[in-house]
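Reader: Please take a close look at one part of this protein, the open sheet with its packing helices and the salt bridges around it. I would like the cut-offs stated along with the values.

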Amino acid sequence: MTSIGKLGAMQQLMKGGKMMPANAISDDSILVKKIVSDHNPEGLDYDVKPLLQIVEDILRLSTLRSSEHASMGELSHVEQVEDRNHLPAYTNMLEALSVKIDRISCEISYKILSGVDAHSTTVSIFEMLTIYKWDVKLVLALAAFALNYGEFWLLAHIHDTNQLAKSMAILKQLPGIMEHSSSLKPRFDTLNELVNVILEVTKCVIEFNDLPTQYIAQDVSAYTSAYNHIPIASYWCIRSIVACAAQITSLTTLGYEIFTSNDAWELSTLAFKLRSIVEHLRKQLDSCHKHIEKKMDAEAYGMLRDLFSTPHTDNMKIIKALIYSHDDILPLYDGVTKKRASLEALRRKNVLLLFSGLEFSTDELLILEQIYNESKAHAPRQENRYELVWIPIVDQTSEWTDQKQIQFEHLRESMPWYSVYHPSLISKAVVWFIQSEWKYKNKPILVVLDPLGRVACPNAIHMMWIWGSAAFPFTSYKEETLWKDETWRLELLVDGIDSEILNWIKEGKYIFLYGGDDPDWIRRFVKEARKVAQVTKTPLEMVYVGKSNKRDQVQRVSDTIIRENLYTHSWSEQSMIWFFWTRLQSMLFSKIQLKQVDENDIVMQEIKKLLSYDKQGGWIVLARGSQIVVNGHAATGLQTLSEYDLMWKEHAEKDGFETAFKEHYGKLHSVANPCCRFEFSHSMGRIPDRLTCPECRRNMHVLTTFQCCHDDNVDEDFFVSSVIPPSTTTN
């Protein structure tokens, strides 16, 4: 064909690739009006993902070689493609749709060679696909394009080594084309870019079609927006497929010279158009997925609640629902063998579920490990079938960094019991459930399940801190029994912390436990107490045990006691002070959990007093042996001692130190009448709705306090602890 003849043929041929006017492009609703009206799927569901994978293999391999190699006929190494021929999904799909793919391929070639404009060609393809859903239409059109596109590149790759391919390549003018491969590369890069965007849009449409409709409805704006936009997206995808096919056809029929004389602006414009469509669809799909995830989480949360109210023959349904419901991986990590393990290790056992974040203090871990080992060693054989499992709770909305992974692994490796292998195994619904039902916020809790999966105790951590292994098997019934046998005595406060104090108790000595953060008050208190003890010939021991917070200030006081040789004992280890206050707070929360907060409970009232005095600055506890004589405020205690010579010396000489001190303290206390207050951290679990004052027995006012203590080791946990679980009802 002469150059003039080729030019005339080119003008006729490229009508099929000519762009619509700008106003036609912008008015998408007009373009797709007929297509939408003809759209009438007959209800058949085709899973086109297997077919799309084959198409994507063809397009990916073609794109790779044309984009990365200067010599387009050079056969280079590419990754091995999976052989899909034997898979039933592919075989069945091709049997059902191969004829339609061939017809579309022929239709595209015929229309282009006949000079039909791109819009008309696009509409004619849609007319062949009226009975298919939008995702099927797109994949069939892509498959039809891949037939011709793949054939072109297959011949380009092997025509030098295969005689049949060489003869076919000559008919398609490929040898001449390959000579100019370097100059053609930018054009093919543009074409391949457009093909990739078409694939992106197609995947979005398939993804939309696969949305679980039971969790999303037309009244969701994102769903409606995407649904209405998919016909437009489908039109421009097939319109772009026609443009790409026209480019290849012009190259193989008219030759290299005519192909390079055409501007590539149409392909770039279509790619820009489709990219904006992808961005819109992706945004709407993300909103749909969030809506669906919320609904599914709400459903899972409701199912979890129902599961705990249903009788079971063992604990496996409960354990799987809380940790990991599938059987494809081993979800546990054995702290002894340091290997992964299955949930079968927990079947028909008492299971202690330890929920916490990654900020697990060393003090907590060491004492918990000691209690765990003692319980394992001393429990009766028939009751020894129990395991402890750490379930890490992390913020699933924040990025999981390498630092967090290292922190998690370090903590997991330090535990001798089972752990969940990775925090990502714990679903959002489970987090909601333990926050709502078991009042988990930021502090560790220990939920006990019996061998049938029933909750034996919603949080055994408090009884563990109070009674240690004596609380085994850590059930609510055991907790109630322990409290029934308990009285307000000094052993309750210091048991398991300081053996020397227990020796003093056995010897019947008087013991002052005291705390605060004012060094001057401590100097005066120790001086006055020693003076009165010497005068009254009272065998007195004194122990400074700090405060529930202000660790740095407590440490400075301890240093002062040692430096100035004050005649008093002090707990030099912060872990002892931490455990004392943790146990005391656990007593309060244990009582609250058991709903034993009435004003006639002497132990509860005394615990509340001590915690309240601690918040007011300082406190004292005077005991004779096991019996607590005075549980009082620091200022009143110091005043009582200071007034010995003036006010109660004669009383002490007559009735003894204990009676005289107690009565004089009582008189001063009744005049001072200090107010009581309790501060419940937002990270604590079960906060009571009502609390009576341990002094006047009236209901206390509820206030909200914001406090910043810069020297406290306050855990800045990620959770806003007032997370509200989703409603289980669906819209």
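Author: What follows goes from the confidence of the model to the sheet, then to the salt bridges and one buried residue.

This is a predicted model, in which local features need pLDDT of at least 70, side-chain atom pairs count only at pLDDT 80 or more, and totals for chains, interfaces and linings use all residues. Residues are numbered from 1 along each chain as its sequence is written, and side-chain values use heavy atoms, with hydrogens and water left out.

The average pLDDT (the predictor's confidence in each residue, from 0 to 100) is 82 for the protein, and 80% of the residues score at least 70. Residues 1-26 have a pLDDT below 50, and this stretch has 49 contacts (heavy atoms within 4.5 Å) in the model beyond near neighbours in sequence. For residues 64-79 the pLDDT is also below 50, with 34 such contacts. Where pLDDT is low, the predicted coordinates should not be read in detail.

The sheet is open and consists of five strands in the order S10-S9-S8-S11-S12, with mixed pairing. Helices (H or I, at least four residues) and strands (E, at least two) are DSSP runs numbered from the N terminus, and two strands pair if DSSP finds at least two bridges between them. The edges are strand S10 (569-570) and strand S12 (627-633); each has a single partner strand, so one side of each is left without a neighbour in the sheet. S12 pairs with S11 in the antiparallel sense over six bridges, and Ala623 stands opposite Ile628 in S12.

Two helices can be described against this sheet by their angles (0 to 180 degrees between N-to-C directions, with axes fitted to C-alpha atoms, for helices over the stretch in contact). Helix H21 (residues 499-507) packs on the sheet and touches strand S8 (510-516), strand S9 (540-544) and S10, its direction making about 145° with that of S8. Helix H23 (residues 551-563) lies across S8, S9 and S10 and runs at about 140° to S9.

Next come the salt bridges (a side-chain nitrogen of Lys or Arg within 4 Å of a carboxyl oxygen of Asp or Glu), of which the count is 30. Side chains of opposite charge can pair when their charged atoms come close. Strand S11 takes part through Arg624, which forms a salt bridge with Glu658, the closest N and O atoms being 2.5 Å apart. Arg624 is in strand S11 (residues 618-624) and Glu658 in helix H28 (residues 657-672), so the pair ties together parts that are 34 residues apart in sequence. Glu658 is buried (under 20% relative accessible area; exposed is over 50%, partly exposed in between, with a 1.4 Å probe and protein chains only), at 16%. Arg624 is partly exposed, at 35%.

Elsewhere, Glu606 forms a salt bridge with Lys609, with 3.5 Å between the closest N and O atoms. Glu606 and Lys609 are three residues apart in helix H25 (residues 602-616), and are therefore separated by about one helical turn. Both Glu606 and Lys609 are buried. In the salt bridge of Glu486 with Arg489, the closest N and O atoms are 2.7 Å apart; Glu486 is buried at 10% relative accessible area, whereas Arg489 is partly exposed at 27%.

The buried residue is Met316, at 5% relative accessibility, in helix H14 (residues 316-322). Leaving aside neighbours within four places in sequence, Met316 is in contact with Leu343, Glu344 and Arg347.
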